[in-house]
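Please take a moment to look over the structure below, and keep it in view while you read. The paragraphs that follow lead through its strands, its interior and its charged side chains.

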Amino acid sequence: MHGTPIATGTPSVQNEFRSGSLVIRNVWARAASQADGVSAVYMVIENTGDQPDRLLHAHCDAAETVEIHESRTEGGVMKMQPVDGVDIPAHGSVELKPGGLHVMLIGLTRDLDPGDELELELHFEQAGHVTVRAMVQKP
């Protein structure tokens, strides 16, 4: 069984975007219809530099509102709440993934079908605006 991927519930997406000391990779969005109204974008953000950075907010033309959210379990109940940013430590990385931190797309303006690409502008405290493209996939 060598080389057989283990199903983790997270699609494998091979893309990468760089801006200064930031490397943003494996960017994907959850497939959803406009009637669903919401979707989420996931990624890995790596900081290769000596200074920490912070993801402050994001923008996407496929949604009326974009927020950074965190899912957590409280008292056995999964809750999702907005956060005011995500710290990316120097020489460290943060994974935005299902069940954890993610970029929430609220009020979808179009269907997000598997295979589509979605442009997302991320705004960082140090790196400024970084545009990435997310592959739309079913988890």
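Glu 70 stands opposite Leu 101 in strand β9, and this pair offers a way into the pairing of strands β5 and β9, which run antiparallel and are joined by seven bridges. Strands, like helices, are taken here as DSSP runs numbered from the N terminus, with at least two residues (E) for a strand and at least four (H or I) for a helix, and two strands are said to pair if DSSP finds at least two bridges between them. The model is a predicted one, in which local features need pLDDT of at least 70 and side-chain atom pairs count only at pLDDT 80 or more, while totals for chains, interfaces and linings use all residues. Residues are numbered from 1 along each chain as its sequence is written, and side-chain values use heavy atoms, with hydrogens and water left out.

Glu 70 also has a bridge partner in β6, namely Gln 81. Strand β5 (residues 63–74) and β6 pair in the antiparallel sense over six bridges, and the two form a hairpin with two residues between them, where Gly 75 in the turn has a positive phi of about 60°. Glu 74 forms a salt bridge with Lys 79, the closest N and O atoms being 3.6 Å apart; the term salt bridge is used for a side-chain nitrogen of Lys or Arg within 4 Å of a carboxyl oxygen of Asp or Glu.

Strand β9 has a second antiparallel partner to consider, since four bridges join strand β3 (residues 38–47) to β9, with Val 38 standing opposite Ile 106. How many of the eight residues of strand β9 are buried? Seven of the eight residues of β9 (residues 101–108) are buried, so this strand is largely enclosed by the rest of the structure. Buried here means under 20% relative accessible area, exposed means over 50%, and partly exposed lies in between, with a 1.4 Å probe and protein chains only.

The interior can be followed further through the largest nonpolar core, which has 34 residues. Such a core is a set of buried Ala, Val, Leu, Ile, Met, Phe, Trp, Tyr and Cys residues joined through side-chain atoms within 4.5 Å. The residues with the most contacts inside this core are Val 41, Met 43, Leu 105, Leu 118 and Leu 120. Leaving out residues up to four places away in sequence, Leu 105 touches several others, among them Val 38, Val 41, Val 66, Leu 112, Leu 118 and Leu 120, where contact means heavy atoms within 4.5 Å.

A polar residue can be buried too, as strand β3 shows with Asn 47, which counts as buried because its relative accessibility is 1%. The side chain of Asn 47 reaches the backbone nitrogen of Gly 49 at 2.9 Å and the backbone oxygen of Gln 51 at 2.8 Å. Setting aside its neighbours within four places in sequence, Asn 47 is in contact with residues including Leu 22, Pro 52, Ile 88 and His 91. His 91 lies in the loop between β7 (86–88) and β8 (92–96) and has a positive phi of about 55° although it is not a glycine; at 57% relative accessibility, His 91 counts as exposed. Asn 26, in strand β2 (residues 22–30), likewise has a positive phi, near 55°, but Asn 26 counts as partly exposed, at 27% relative accessibility.

The last topic is charge. Side chains of opposite charge can pair when their charged atoms come close. A search of the whole structure finds eight salt bridges, and one of them joins the side chains of Asp 84 and Arg 54 at 2.6 Å, N to O. Asp 84 lies in the loop between β6 (77–82) and β7, and Arg 54 in strand β4 (residues 53–59), so the pair ties together parts that are 30 residues apart in sequence. Is each partner buried or exposed? Asp 84 counts as exposed at 63% relative accessibility, whereas Arg 54 is buried, with a relative accessible area of 17%. Arg 54 and Asp 84 are also linked with Asp 87 in a network of salt bridges. Another salt bridge is found between the side chains of Glu 16 and Arg 18 (3.0 Å, N to O), where Glu 16 is partly exposed at 44% relative accessibility and Arg 18 is exposed at 61%.

Notes
Polar contact = N/O pair within 3.5 Å; in protein donor to acceptor, adjacent residues only side chain to side chain.
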